[in-house]
Each structure stands twice: as C-alpha cells, then as structure tokens.
Amino acid sequence: MTTDNGLSPDFLNGVSGKRVLVRSDLNVPLEEVDGQKRITDDGRIRASLPTIQALAGAGAKVIVTAHLGRPKGAPDPAYSLAPVAVRLGELLGSDVAFATDTVGESAHEVVAGLADGQVALLENVRFNPGETSKDDDERGAFADQLASLADFFVSDGFGVVHRKQASVYDVAKRLPSAMGGLVATEIDVLRRLTVDPERPYVVVLGGSKVSDKLGVIDNLLGKADRLLIGGGMVFTFLKAAGHEVGNSLLEADQLDTVRAYQQRAAELGVEIVLPTDIVVADSFGDEASARVVPADAIPAETMGLDIGPDSGAAFAAALADARTVFWNGPMGVFEKPAFAEGTRAVAQALTEVDGLSVVGGGDSAAAVRALGFDEAAFGHISTGGGASLEYLEGKELPGITVLEGKA
C-alpha cells in the first residue's frame, strides 16, 4: 500500500526526526531580467511539491538535491539553484534554507540547523565532477559524501532516472531508499502506454530530429495503431517520400531508416500520418513572412517551421477516437506565434481525448503551459522527456532498477 504521494505509510512513519535526502528534478528554464535570474516555467518545481510536503509533514528534515543545466563539474553562477530555492519556498509557504555548496561546509551547516519538518535545498549537484563521472570510484566517493548528510533517500526526479549518476543511482545503494510519488506516477503511466494500452492507441511525435526518436518509433511500431509525425523531424519523412524540403531541417543520413520504418508500418497495419501542408518562411527571424504551402511543394528557398492548418485539423481528427495518446515533441517553433498553431491544435485535441492522454515532457510540456492550456485538462504531463523516451524504447532506467526490492 502507498499513499497518494507514492510513499508507503511505513516509510513515512519512520522518518520523523530523520534526515531525508530527496533527489528532485528542478531543472527549470531561467531568463535574466535587470540582472536578476527569473524562472520562466516552474512546472517541475510544482511537480516536486507533493513528495517534499509529505516528508516534511511526517516530521522529516528534508534535504533536496537537484541539478540545473549542464555546468562542467565546477561552480558556475549561471547555473545556481538560488532562484529555485526562493520559488520552492514560495510554493511551500515556508522558507527553504539554501546551501551554497553540495557536500561542503555550507551543506553540513544548513543540514545541521534543520528542525523537524523543515526543508533545505543544496546547490547544483552538477557543480561536483563526481556526480556525472563515468568512473565508478569517483562517482561512488561523491555519493558517500551525499549519503553522509542523510539517514534515508527518496528518488523523486523522474527526469534523471535514466542517468547512472551519483545522486540518482549510487546514493540509493548507500541509504535505505524509496521511490517518490512523482517517479511512481510516471512509471505507472508509462506502463499503461506499453502494457495492453486501450485502443485506438495514437502516438504523436515532433521535435527537431528523427534520430532522437528512432528507438521510440522502432519499439512503438508494434504497439501503436497510428503515428502522427510533425515538427522538424517530419522533413526527413517528406524527403524520404521524394519531396523537396527546401532549407528545412533534414537528417539525410536517416532517409533509409525512415523508409524502412514506413515499409514496416505498412506491413504491420500501423498508419503513419504526415502533414499535407506546411507553414514556411524565408528565414527564422521575427520579421519573417510566414505562408502555407503544400507539404509536397515546399519552395527551395524556404524552411518549414510548423505544420499547416489542414494538417492540424487532420491530426485532431486522427486523435478524435483515441483511447490512449502519447505526445512528445512540438509540431513547430511554438515559441513564435506565427509557428505555434500546429502545436496548439494537437494540444487542444489531447484535451478532448476520452481516455489516457500523456504529454511526454520536455518541450511538449513547456508548450502546453506557454500556450495557456490548463494542465488539468491532460491525463498526465510528464516531467522527463528523455527518461520517458528511453522507457518507451524498452531500455532499463538505472535510477529505477536500483530501487527495485528496496523499501
């Protein structure tokens, strides 16, 4: 039995007065305004709240560790979690103590000063080279330092469970550990996508590169009923069909792979739906003049930056009878209004699905928030694009396998 936050009552009953290290995913986008860092999308922070609140409510001294961006194993002010500590405190309704290092003097002082039910956030875990080291001994030595701060470990950063990193994998081997609610929910949803999904099962794939989705396409061709292809990756599909794609994003080295997938889909009776019209422009700039052209007649001097209105309507129609939908990757450059309507059409269609609709993290999750959709209108919005894709590819996730059999 587990509680709504994914943690068992037995685990929560045992953490009062104990130090609990929580690996969260707080890798949020930042922008600088008047010299100050500002969070532009706090979705990952909000998704992390239930587990942190449950532990604090049970009387634990909660020590949150997380990463931000990709610093090169050394402190870098551009990737500091200080703004995240402020926002986390606002959402919790109580101050969050912030350690200016991860396992150093500040971390030990902050942890030592925690009262039962209080929360602290350590500085970016990737400021330490041991976090992402490929050397087991170096990674393990850093994990020893992290583990020394706590009595228990809770893994709740789904966006990193596909990484064999110190704060994800090695710490779980050193402390009594549990899976947090966010990770438990993600795994449950992904199992519903891969084990006997309700049909029709439709997968919508976008984003920039076919190569990022090869494993997913390969694995889902035997499971899904329809694949809808948009985003930058669609131009490799169009080129494979013999069409001109102009200056659009193209992975020429994947053309034979795409043709093989199309042939296999035909043999399996899986429908691959491609756009019939494309929004193009001469350049990517804000002043670019957008126009709609047939997908098989993209002018040589233009680049495709969104699926067209007819395609948006066709994709919505292809989703109308779906009972299970997984969507990963926007249909165009949604950050610019001229190229956002394809993504909007898909998002709107998902809100109307009578069944399970899953937004697969990353840019897709950012898009639904940026375009003003109510998150509650979707069955599930994932916090881990890369982890979701690797699960759907059938890969083992180190941060999950290390927890199996632990309580």
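**Reading helices, strands and loops**

User: In which element is Val183 found?

Analyst: Val183 is found in helix H7. Please keep in mind throughout that this is a predicted model.

User: Is Val183 buried or exposed, and how is that judged?

Analyst: Burial is read from the relative accessible area, and a residue counts as buried if that value is under 20%. Val183 has a relative accessible area of 0%, so Val183 is buried.

User: What is Val183 in contact with, beyond its neighbours in sequence?

Analyst: Once the neighbours within four places in sequence are left aside, the contacts of Val183 are Ser155, Asp156, Gly157, Phe158, Val161 and Ile400. One may also compare separation along the chain with separation in space. Val183 and Thr51 are 132 residues apart in sequence, yet their C-alpha atoms are 9.9 Å apart in space.

User: How does that comparison turn out for Leu7 and Leu389?

Analyst: Leu7 and Leu389 are 382 residues apart in sequence and 25 Å apart in space, C-alpha to C-alpha. Leu7 lies in the segment before helix H1 (9-13). With a relative accessible area of 1%, Leu7 is buried.

User: Let us turn to helix packing. At what angle do H2 and H3 pack, and how far apart are their axes?

Analyst: Helix H2 (residues 43-57) packs against helix H3 (residues 82-92) at about 60°, and the axes are 10 Å apart. Angles under 35 degrees count as roughly parallel and those from 65 to 115 as roughly perpendicular; H2 is therefore oblique to H3. The crossing of these two helices is right-handed.

User: Which residues of H2 and H3 meet?

Analyst: From H2 come Ile45, Arg46, Leu49, Ile52 and Gln53; from H3 come Val84, Arg87, Leu88, Leu91 and Leu92. By class, the contact of H2 with H3 has seven nonpolar residues, one polar and two charged.

User: How should the packing angle of H11 and H12 be read?

Analyst: The same cut-off serves again, since angles under 35 degrees count as roughly parallel. H11 and helix H12 (residues 341-351) pack at about 20°, with axes 9 Å apart. The two helices are therefore roughly parallel to each other. H11 passes H12 in a right-handed crossing.

User: Which residues make up that contact of H11 with H12?

Analyst: Gly312, Phe315, Ala316 and Leu319 in H11 meet Ala345, Val346, Ala349 and Leu350 in H12. The contact of H11 with H12 divides into seven nonpolar residues, one polar and no charged.

User: Now for strands. In what order do the three strands of the open sheet stand?

Analyst: A sheet is read by strand order and by the direction of pairing. Here three strands form an open sheet in the order S13-S12-S14, with antiparallel pairing. Strand S13 (291-294) and strand S14 (303-307) are at the edges with a single partner strand each, so one side of each lacks a neighbour in the sheet. From one strand to the next the twist averages 45°.

User: How many bridges pair S12 with S14, and what stands opposite Val280?

Analyst: Strand S12 (residues 277-281) pairs with S14 in the antiparallel sense over four bridges. Opposite Val280 stands Gly304 in S14. Helix H11 (residues 309-319) lies across S12, S13 and S14 and runs at about 40° to S14.

User: How is a hairpin read, and what does Asp34 do in the hairpin of S2 and S3?

Analyst: One looks at the paired strands, then at the residues between them. Strand S2 (residues 30-33) and strand S3 (residues 36-39) run antiparallel and are joined by four bridges. Glu31 has Arg38 in S3 as its bridge partner. Two residues lie between the strands of this hairpin, and Asp34 takes a positive phi near 50°. Residues over 50% relative accessibility count as exposed, and Asp34, at 78%, is therefore exposed.

User: Which backbone features can be found in the loop between H7 and S9?

Analyst: Two features may be noted. Asp196 lies in the loop between H7 and S9 and has a positive phi of about 50° although it is not a glycine. At 72% relative accessibility, Asp196 counts as exposed. Pro200 is placed in the loop between helix H7 (181-194) and strand S9 (201-205). The peptide bond from Arg199 to Pro200 is cis, with omega near 5°.

Technical notes:
Residues are numbered from 1 along each chain as its sequence is written. This is a predicted model: local features need pLDDT of at least 70, side-chain atom pairs count only at pLDDT 80 or more; totals for chains, interfaces and linings use all residues. Side-chain values use heavy atoms; hydrogens and water are left out. Axes are lines fitted to C-alpha atoms, for helices over the stretch in contact, and angles run from 0 to 180 degrees between N-to-C directions. Angles under 35 degrees count as roughly parallel, over 145 as roughly antiparallel, 65 to 115 as roughly perpendicular and the rest as oblique. A crossing is left-handed if the near helix is turned anticlockwise from the far one by less than a right angle, and right-handed if clockwise. Contact means heavy atoms within 4.5 Å. Ala, Val, Leu, Ile, Met, Phe, Trp, Tyr, Cys and Pro count as nonpolar, Asp, Glu, Lys and Arg as charged, and the others, Gly among them, as polar. Two strands pair if DSSP finds at least two bridges between them. Buried means under 20% relative accessible area, exposed over 50%, partly exposed in between (1.4 Å probe, protein chains only).
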